[in-house]
Structure formats: C-alpha cells, structure tokens
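Thank you all for coming. I would like to take you through one structure this morning, going from helix packing to pockets and then to sheets, so please have the picture open while I talk.

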Amino acid sequence: MRIEFGVTSHTPGTALVVFAAKDAVLSGAAQALDAALGGAVANAVKTARFEGDVAQIVELLAPSGTDASRVLVVGTGKPGHADAAIFERIGGALAARLLTSGETKATVDFGGLSDLALDTPKAAAHLALGASLRAWRFDKYRTKLPEKQKPTLTEIAIANAGSAGQEWARLEPLVEAVGFTRSLVTEPGNVIYPESFVERCRPLADLGIKIEVLDESEMRAAGMGALLGVAQGSAKPPRLLVMEWDGTNGKAKTSTVFVGKGVTFDTGGISIKPAAGMEDMKWDMGGAGAVAGAMKALALRRAKARVVGICGLVENMPDGNAQRPGDVVTTMSGQTVEVINTDAEGRLVLCDAITWVQKRFNPEVIVDLATLTGAIIISLGHEYAGLFSNSDELAKQLVTAGIATGDKLWRFPLGSAYDKMIDSPIADMKNVGSRDAGSITAAQFIGRFVNDGVKWAHLDIAGMAWSAKAGATWEKGATGYGVRLLDRFVEDTLEA
C-alpha cells in the first residue's frame, strides 16, 4: 500500500477520514466537514450511538454536499490519551474497513486534531504503520478469489500532518520487514524448509548483511549432535543460517546476538503430534522468521549497531532413521541429553546454535526466540510472550521495547528447583521434565548452555507467532511478532 504525505485535501471521488474524541467531540476538520454537509456528520454520529472510542468508526456513504465517495469518522478515545499504539489501532481499523470496500484511495485529514499524547506528525506516521501492517495479505495460492474479496485500497494519503513524512522514514522499513517474516511463517512446509529458508534470506546480502551457512557436514564436524538428532528423520537436510549486520563501520567489537528456532515443520517426530491441527506446525519456525525479519529491518534503516542473527533450521519428521525417545545425544558443548520426548525438539536446536554462536562471536547479549512450548499458551493465552532471563537489566529492556511496539512480554521465574526437574539418571540432563512448569523447565534447559557472564533472555513466542483471528494490525494468520520488538530493543540499547 502506498502512503502519501503532504497533501492538503482529498481527491474527489475517494474516501475521506476525519476524527472525533471521546463523547463524539469532532476534530477541526470534522467540524468543518459537518458544516459543509449541513450537520450530516453530527447527525450520523448521534444516530449510530458513536461515542468516540478508540478505532470506533461511523460511516456516511456518498453524502450530499461533498465530492467524497464516503466519509468515515474515527474515534481517538479520551483526550490526551491517544498515543502511538492507539493510532496504529486506528490505522489498522481503517485498513480493515476499506481494504476490500471498492475504494482505491483514502485521505486521512489531521486538520484541527489536538489534545493527543504525541505530536501530530508521529500520530500520522503510526496510523500509516498500523494501516500498512493490517493491509498485508497472503493470497499467493488463491486462484479463485471472489471479486468482493479482492483488495482494492492501494493508497492512503495523510493530510495536514506536518512533518509526518520524516517520522514515516523511520517506520516504513518495519512494514517490509514484518511482511518478510509473515511470508516466511505463512508458506507451507513443502515450500519453506531449511534450504529454501536460507535461499529466501540470501537477498539480505544486497542490503549489507553478511550471510554464512553451515551445512550438515560442517555442523557434524562442529559436534552439533542435538540439532542433528532432530533433523535425522527428515529427507530435508538441516542448515545453520548466520546473518551479520554491522552499522558501526567496525567500531563495535562485541555482538548482540539473536537466535531463532527454525523448525520448518514439526510433526513431533516419533513422539508424533495428534493429526488435528498438525498443519499449523508450519509456523514452528516463527522464531527464526522473526530473527530474519529483524535483521532485514536493521539493514533497511541502516541501524548504527552490530548485531548477529542465527537461525537453527531443521525439519522434525518420523521416518525409520528418526531419533527415538530414550536416545542420548552429545551436544556441541559436550553435555549429554537424554531425549525423553522427540516433540521437545526446539530446545535441542537452540542449545547447539547458542553454543556455536558463543564460540564464534563471544557475545555479551543473547536473545533467543522460539515457538517452544504449548504450556506458555496455557499460561498467557495469546496476549503476551513468555520472557525468561538471567539478567534483570536485559529483561527490563525487553519488556520496555515490548510495551513500545505492542509485542508484549511477561517475565517468568528461573531457579535451581526448576533446574533439578530436568536432571537425567543416565545423562547430564533430559530434554523434558514433568508437565509441571513446562515452559520454565524448557528455559532452564536452554540456560544450561549459556556461558557465565553472558546476559541471556529466552522468549517463548508460541502463543504470538500465529493468530486464529484478526488483530488490530494483522489479518488472521502470521503476526510477524518479534520483528518490531527486536528492532526497538536495538534502537534503545545499542543506538541510544
């Protein structure tokens, strides 16, 4: 969708959007329009019981007295409370309403809008962000889309919003980056697998990202017995994808590392999942998708930071060569793992990826993202991702970035009592404990592979990478969770 700034009036024959605050208090532009229409706006607001709640919309079709095809009045909520998140919700609501409406263009008039929690240019830019994210769709494989379901809206013009174009320059890369992640997560398992995931990411090199790929023989030579154990049941060979971005011209000597779980399809292996809903397991690479999208965002906006992104890419399948429950594998760190459940495979991928990246880059900070446990959904539903960390400072930074971007996090505890739950009678550890505290013991497992002195956070995003219903800024399906979170974390901690 094209976003245009700097206009002063709407294009005849297209949609026009104005605002109203709580209690239906019309903005300056809305008042002027109401006067031109002989009170039609105020009458429509009253008839529809419109109260100006956030993203509430009342619509007038082909109103007499204006050359607009339709007028939409959108609520901004309580005076003084409309912040960036609210304007993203408003943008998303407008895109959802108009995307398949037959309208090709909408002009959003910020004239006379006041008493906000941020300045008008930022408000307009965040509205544009919300609209652009909500308008994203994946129709690649739909060959018989009904005419009324086809998107028609191709442009949103922002009027009377001052220097909003400058604010948009910072946000626009996020639209492309989140869309990149959503596409990776949405593609089916026969299209996105370890090798093809790597190929989708190779063009990032054109943006200045250094790409390195380890194949199966190189990972075997490195001793990645845990990761390779997950992959051994699949005809698709595993890969370790390494993406380096340095926007400091070599000045930064230490790295912040993002590690993503990339199980491109997860049957559960020999501990096979139930058939119902297994098709959704194409999104079990949501952590790797988020890391790839975040790296793209950093490169697109030329972030002044040094960041490394690692994706451990495997497919978990149950063939005759597949890993068995009870097998013992030796990780790259030298620690041994008794595999109790082959469906607890993500932590086996992450532990070797984290060991490798520590030996290679000696990072100060590691943040891993993984659709790791169903238990986190039982705990948090689809409102927050789980956060586990050995550093209060790092945890606070991530929570703050999550609040700012809407990629919300809720911190869980770690401790020795939980750690004992994954001790094995025949190996250094087992890959699952009991059903109790399942998300915590999974995090404790990963924590055993983090070197002393390294600040580490584990984000369990199983409830956030995919949504069964549309949200404020996404359609049903892949959400792109994590891209904005990591991008904002870099901005706040490495570029501040």
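Let me start with the helix pair α3 and α4, whose axes come within 6 Å and cross at roughly 45°. With that angle, α3 and α4 are oblique to each other, and where α3 passes α4 the crossing is right-handed. Before going further I should say that what you are looking at is a predicted model, so please hear everything that follows with that in mind.

Both of these helices lead us to the largest pocket, since α3 (84-98) and α4 (120-134) are among the elements that give two or more residues to its lining. How much volume does the largest pocket have? The value comes out at about 1100 Å³, and of the 43 residues that line this pocket, those closest to its centre are Glu88, Thr405, Gly406, Asp407 and Arg484. Besides α3 and α4, the elements giving two or more residues to the lining are α5 (164-186), α12 (392-405), β19 (466-467) and α15 (483-493). The largest share belongs to α5, which contributes 6 residues. If you sort the lining by class, you find 17 nonpolar, 11 polar and 15 charged residues.

Two of the helices I have just named, α12 and α15, also pack against each other, at an angle of about 120° and with their axes 8 Å apart. Angles over 145 degrees would count as roughly antiparallel and those from 65 to 115 as roughly perpendicular, and α12 and α15 are therefore oblique to each other. The crossing in which α12 passes α15 is right-handed.

Now to the second largest pocket, which holds about 950 Å³ of space. Which residues lie nearest its centre? Of the 38 residues that line the second largest pocket, they are Lys273, Leu372, Thr373, Gly374 and Ala375. At least two lining residues each come from β10 (256-266), α10 (346-361), α11 (375-380), α14 (438-447) and β19, and you will remember β19 from the lining of the largest pocket. By class, the second largest pocket is lined by 15 nonpolar, 14 polar and 9 charged residues.

Here again two of the contributing helices can be looked at as a pair: the axes of α10 and α14 come within 9 Å and cross at roughly 25°. Since angles under 35 degrees count as roughly parallel, α10 and α14 are therefore described as roughly parallel to each other, and their crossing is right-handed.

From open pockets I turn to enclosed space. A search of the whole structure for cavities of 30 Å³ or more finds 1, and about 40 Å³ of space lies in the largest cavity. Its lining consists of Gly229, Val230, Gly233, Gly269, Ile270, Asn316, Met317, Ala322, Gln323 and Thr342. Is that lining charged or uncharged in character? By class there are 4 nonpolar, 6 polar and no charged residues in the lining of the largest cavity.

Finally, the sheets. An open sheet of 8 strands, with mixed pairing, has the order β8-β9-β11-β10-β14-β18-β15-β16. At its edges stand β8 (210-214) and β16 (409-411), each with a single partner strand, so that one side of each is left without a neighbour in the sheet. The twist in this sheet averages 20° from one strand to the next. Within the sheet, strand β15 (residues 385-389) runs antiparallel to strand β18 (residues 455-460), and 4 bridges join the two. If you want a residue pair to locate there, Leu387 stands opposite Leu459 in β18.

There is also an open sheet of 3 strands, in the order β12-β13-β17, and its pairing is mixed. Here the edges are β12 (328-330) and β17 (429-430), and each has a single partner strand, so one side of each is left without a neighbour in the sheet. Between β12 and strand β13 (residues 336-338), which run antiparallel, there are 3 bridges, and Val329 has Val337 in β13 as its bridge partner.

Notes:
Residues numbered from 1 in each chain as written. Predicted model: local features only at pLDDT ≥ 70, side-chain atom pairs only at ≥ 80, totals over all residues. Heavy atoms only, no water. Pairing = 2+ DSSP bridges. 1 Å grid on protein atoms, 1.4 Å probe; cavity = no way out; pocket = protein on both sides within 12 Å on 5 of 7 lines; lining within 4 Å. Points joined across faces, edges and corners; volume = space filled by probe spheres on them. Nonpolar A, V, L, I, M, F, W, Y, C, P; charged D, E, K, R; others polar. Axes fitted to C-alpha atoms, helices over the stretch in contact; angles between N-to-C directions. Left-handed = near helix turned anticlockwise from the far one by under 90°.
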